[in-house]
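I opened a new page for this structure. Strands, one helix and the empty spaces are on my list.

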Amino acid sequence: MNKKIIVINAGSSSIKFKIFLQENLQVIASGLCERIFVDGHFNMKFNDQQIDLNISMPDHTKAIECVLEQLKINKIITDFNDIVGVGHRVVLAGAEIKTSVKTTPTIKDKIREYIKLAPLHNEPELIVVEIFEKLLPHAISVASFDNTFHLTIPEHNYVYPIDQKLAKQYAIRRYGFHGNSYRYITIQMQKILNKNTVNLIVCHLGNGASISAIKANKSYATSMGLTPLEGLIMGTRCGDIDPSIPIYLFRQGFKNDAIDNILNKQSGVQALCGSSDMRDVQSKYEANNPEAILTITMYANSVAKYIVDYVNQLENKIDALVFTAGIGENSVFVIKQIIDKIKIINLKLNDQTINTKYSDYKLISAEHSVYPIYCVRTDEELMIANDVNEIIQKGEISVKTN
């Protein structure tokens, strides 16, 4: 009755976590370790309480030890043997793995192989997988991959127009990310619309942002590509740019790591307006700051462009347009800016419902909007916890591949 599942989202300097009861997948605690390698900060919410602590975290091992220690100190977990599974969000493992799987040596080798494409994500994720395997050897360890939901994308949407021998040799193709979010939203929209199959355009707008076209419950097109850098303007990522820009910078003397850092951490909204937080940008916009006005115009155009493209790809057969993730769930201001940029489709918002509070979802479109428009709160961790639970229940050890 006290069995629990931990879901982990590890980054290069942070670890997010949620604790679920296995029997009903109820969340009993969630938190974050951040500033790993710098000084260390821990926060956790549980039982309507919140704790914030400055704790030394010189590496990921100490951060995880901190998580486990605080879970025990606060009596969220009294016996670590009650932790029956650990689910890890992993960004990329190629196109062979089709579902969440146990972290066998073969799977860990696959995660390691794709560090070359996702160094900021796969490397710390693999490190954390192995730390948990060492600290909780009795618990089933499961990897859930960001890209697997997008493996249904047709060839014409994942192939890049480059030398195909090179593409195959170096695994260059569109992978797509935020897969667990899209999977959750698709399931929720089936329930909300009371339909077995749905065609959706889903805008996952957070600090990292992407858009996907969902056709008959499956990913058909998505904005992120070989890496999470392609697509929309994001908090600190450039999104779609002329591919010769990094080549030009290299020829000007910039090193590979410096260029990677510029495009991933010093671009996007941050570069245009001085902050990657859309709330800051909105405040500046409302004060008629020209940089903020430019930023919002470019950001909204970026999203609108993909929405129009995906309407076309889905042949105008759309059950709903959905906004999700931090900005998509909460920023009325940004949603209005995006919808205002779409001129060739009659999308209309309901000014009353768009401003109402909600828990799981709300309809924000007016009656005469050509498609219904929703805000839906995503839950990637729940998807991962459910996968862990299913693997535990089935005793599943096989890997589904092509």
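I count a residue as buried under 20% relative accessible area and as exposed over 50%. The model is predicted.

**Entry 1: helix α2**

I began with helix α2, residues 105-113. Which of its residues are buried? I found Ile107, Lys108, Lys110 and Ile111. I then looked down the axis of α2: the buried residues fall within an arc of 155°, so they line one face of the helix. I noted the general rule: an α-helix has 3.6 residues a turn, so residues three or four places apart point the same way.

I checked the other side of α2 next. Pro105 and Thr106 are exposed there.

What do the buried residues of α2 pack against? I listed two kinds of partner. The strands are β6 (83-90), β7 (101-102) and β8 (140-145). The helix is α3 (122-135).

**Entry 2: strand β10 and its partners**

I moved on to strand β10, residues 209-215. Is β10 mostly covered or mostly open? It is mostly covered, with six of its seven residues buried.

I looked at strand β9, residues 200-205, on one side of the pairing. β9 and β10 run antiparallel and are joined by six bridges. Three residues lie between them in a hairpin. Ile201 stands opposite Ala213 of β10.

I then took strand β11, residues 218-222. Four bridges pair β11 with β10, again in the antiparallel sense. Here Ala213 stands opposite Ala221. I wrote Ala213 down twice, since it faces Ile201 in β9 and Ala221 in β11.

The hairpin of β10 and β11 has two residues between the strands. Ala216 in that hairpin takes a positive phi near 50°.

**Entry 3: the cavity**

I turned to enclosed space. How many cavities of 30 Å³ or more does the structure hold? I found one. The largest cavity holds about 30 Å³ of space.

Ile201 came up again, as one of the residues that line the largest cavity. The others are Ile307, Val311, Ile318, Leu321, Leu347 and Tyr371. By class, I logged seven nonpolar residues in this lining, no polar ones and no charged ones.

**Entry 4: the largest pocket**

I looked up open space next. The largest pocket has a volume of about 1700 Å³. It is lined by 46 residues. Which of them are closest to its centre? I noted Asn9, Ser14, Lys16, Arg89 and Asn207.

I traced the lining back to its elements. Strands β1 (4-10), β2 (14-21), β3 (27-34) and β4 (41-46) each supply at least two residues. So do helices α8 (256-265), α12 (325-330) and α14 (380-394). The lining of the largest pocket has 14 nonpolar, 19 polar and 13 charged residues.

**Entry 5: the second largest pocket**

The second largest pocket has a volume of about 1000 Å³. I listed 28 lining residues. Leu226, Thr227, Leu229, Pro246 and Leu263 lie nearest its centre.

Which helix gives the largest share of this lining? It is α8, with five residues. Helix α7 (244-251) also supplies at least two. I cross-referenced α8 to Entry 4, where it supplies at least two residues of the lining of the largest pocket.

By class, the lining of the second largest pocket divides into 17 nonpolar, five polar and six charged residues.

Terms used:
Residues numbered from 1 in each chain as written. Predicted model: local features only at pLDDT ≥ 70, side-chain atom pairs only at ≥ 80, totals over all residues. Heavy atoms only, no water. Buried < 20%, exposed > 50% of the residue type's maximum accessible area, 1.4 Å probe, protein only. Pairing = 2+ DSSP bridges. Arc of directions from axis to C-beta. Contact = heavy atoms within 4.5 Å. 1 Å grid on protein atoms, 1.4 Å probe; cavity = no way out; pocket = protein on both sides within 12 Å on 5 of 7 lines; lining within 4 Å. Points joined across faces, edges and corners; volume = space filled by probe spheres on them. Nonpolar A, V, L, I, M, F, W, Y, C, P; charged D, E, K, R; others polar.
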